[in-house]
Amino acid sequence: MAVWLKRGAAPEEVKEKDKAVRETVEQILADVESRGDAAVRELSLKFDKLDRENYRLSEEEIAECYAQLSERDISDIRFAQEQVRNFAQHQRDSMKDVEVETLPGVILGHKHIPVSAAGCYVPGGKYPLLASAHMSIITAKVAGVPRVITCAPPFNGKPAPAIVVAQHMAGADEIYCLGGIQAVAAMAVGTESIAPVDMLVGPGNAFVAEAKRQLFGRVGIDLFAGPTETLVIADESVDGEICATDLLGQAEHGPDSPAILLTTSEQLARDTLAEIERLLQILPTAPVASQSWARYGEVIVAENDDEMLKIANELAFEHVQVMTQNPDWFLEKMQNFGALFLGPRTNVAYGDKAIGTNHTLPTKKAARYTGGLWVGKFLKTCTWQKVLTDEASVRVGEYCSRLCALEGFSGHGEQANIRVRRYGHKDVPYAGIPE
């Protein structure tokens, strides 16, 4: 039976905070829909202290951002984007259109059609998360989306150079210096200066996540996102320092980011707890990471790998890092996860920044029913059908007519009957009603 050496304790005010976020988002979405650019400008000035006539960046402003980065910076961004594009292209190539003759004279198929326009949100308030530009814009472009627009908040009162360069290099068609609810609302509902999109993607804070949730249905979204989650599954094959480093490396995302160690070694568990306390004395982001660890950090000691697997599948965490003697066993057995990181030589930061897989992943147990952002999210898999011969139409039509009668759908049935009469030259009564 598993033992918790440390449990997380979610604060009681969470539900009340969620309610306040929901109400704030409702008001702002309504305001942007009603007043368009005027509302966006007021909100940007209020929350981001940025006042512009037009929030879309000009070519000159984009060039200025390039000038603020070194050649090494640009080269590093290029490397990361090449990895993301390469893997996304392999994913796209795996998706084939289908055309098959299922009965003589009956052709069924499907084709993958990209959405017409996508809006990508790139967070940049606390940290300028340029990696989110790679993950969203490149993935949409590889999927074939013709219009990709992107919004990121200002950083220190002006466009964040690294984010802007990443957006531009990724292939964004329109780049806006705009953050928060107002950015998501403007992309989804449109304003006088921003044409609306069909789909919203990208991570963000609680307000951005709630805005996407409320807009879902009006537009498509990638995921219902929550705080970053990290699960480290480890045994005695690794040490406390590497476990502690990987837990705190993700806890720095925010004060509400769960980080859990799941292990079969009590000694490793206790060593990791000690290392966390040591690292929190020297980690530059300790003020945030320490809050997250204190409130949401957990250490669980399980009896064996089978119990670790059971607990991991129940948690269904966003990031699952496996550092055991046989990590491929978890790759084979695990069902519920956003992304797996196998072995001590890889880690979540690689996936977040540079290795090529997408870092927009399911949280809050959504991994039970969905994976993360990938090219398929931007594609509509649409079916089609074609009946080539009279005989095929009559054969399907006779079955269809009888099945419609079972349901009482006489109009549906007549769609079948008229073809049985015309192509089969059979005397079928109107709507199957005996004369």
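## Helices H7 and H8

In this predicted model, helix H7, which covers residues 180-189, packs against helix H8, which covers residues 206-215, at an angle of about 25°, and their axes lie 8 Å apart. Because angles under 35 degrees count as roughly parallel, H7 and H8 are described as roughly parallel to each other. The way in which H7 passes H8 is a right-handed crossing.

On the H7 side, the contact is formed by Gly-180, Ile-181, Val-184, Ala-185, Ala-188 and Val-189, and these meet Phe-207, Val-208, Ala-211, Lys-212 and Leu-215 of H8. When the residues of this contact are sorted by class, nine are nonpolar, one is polar and one is charged.

## Helices H4 and H5

Helix H4, which runs from residue 71 to residue 93, packs against helix H5, made of residues 131-143, at an angle of about 40°, with 9 Å between their axes. An angle of this kind makes H4 oblique to H5, and the crossing of the two helices is right-handed.

From H4, the residues that make the contact are Ile-77, Ala-80, Gln-81, Val-84, Arg-85, Ala-88, Gln-89 and Arg-92, while H5 contributes His-134, Met-135, Ile-138, Thr-139, Val-142 and Ala-143. The contact of H4 with H5 comprises eight nonpolar, four polar and two charged residues.

## Helices H9 and H11

Helix H9 (residues 240-251) and helix H11 (residues 286-296) pack with their axes 8 Å apart and at an angle of about 105°. Since angles from 65 to 115 degrees count as roughly perpendicular, H9 and H11 are placed in that class with respect to each other.

Three residues of H9, namely Leu-247, Leu-248 and Ala-251, meet Val-288, Ala-289, Ser-292 and Trp-293 of H11. In the contact of H9 with H11, six residues are nonpolar and one is polar, and no charged residue takes part.

## The second largest pocket

The volume of the second largest pocket is about 390 Å³. The pocket is lined by 23 residues, and those closest to its centre are Phe-87, Ala-339, Thr-357, Asn-358 and Leu-361.

Helix H4, the helix that also packs against H5, gives the most to the lining of this pocket, with four residues. At least two lining residues each come from H4, from strand S13 (339-342) and from helix H14 (348-353). As for the classes in the lining of the second largest pocket, 11 residues are nonpolar, 11 are polar and one is charged.

## The enclosed cavity

How many cavities of 30 Å³ or more are there? The count comes to one, and the space in the largest cavity is about 50 Å³.

The lining of the largest cavity consists of Leu-57, Ala-152, Pro-153, Pro-159, Ala-160, Ile-163, Val-164, Gln-167, Ile-175, Tyr-176 and Cys-177. Helix H6 (161-170) supplies at least two of the lining residues, and strand S6 (174-177) likewise supplies at least two. In this lining, 10 residues are nonpolar, one is polar and none is charged.

## Thr-370 and its surroundings

Where along the chain is Thr-370 found? Thr-370 belongs to the loop between H14 and strand S14, the strand that covers residues 379-387. If the neighbours within four places in sequence are left aside, Thr-370 is in contact with Leu-223, Pro-362 and Lys-377.

Thr-370 can also be placed with respect to Val-145, which is 225 residues away along the chain, and the C-alpha atoms of these two residues are separated by 22 Å.

How values were computed
Residues numbered from 1 in each chain as written. Predicted model: local features only at pLDDT ≥ 70, side-chain atom pairs only at ≥ 80, totals over all residues. Heavy atoms only, no water. Axes fitted to C-alpha atoms, helices over the stretch in contact; angles between N-to-C directions. Parallel < 35°, antiparallel > 145°, perpendicular 65-115°, else oblique. Contact = heavy atoms within 4.5 Å. Nonpolar A, V, L, I, M, F, W, Y, C, P; charged D, E, K, R; others polar. Left-handed = near helix turned anticlockwise from the far one by under 90°. 1 Å grid on protein atoms, 1.4 Å probe; cavity = no way out; pocket = protein on both sides within 12 Å on 5 of 7 lines; lining within 4 Å. Points joined across faces, edges and corners; volume = space filled by probe spheres on them.
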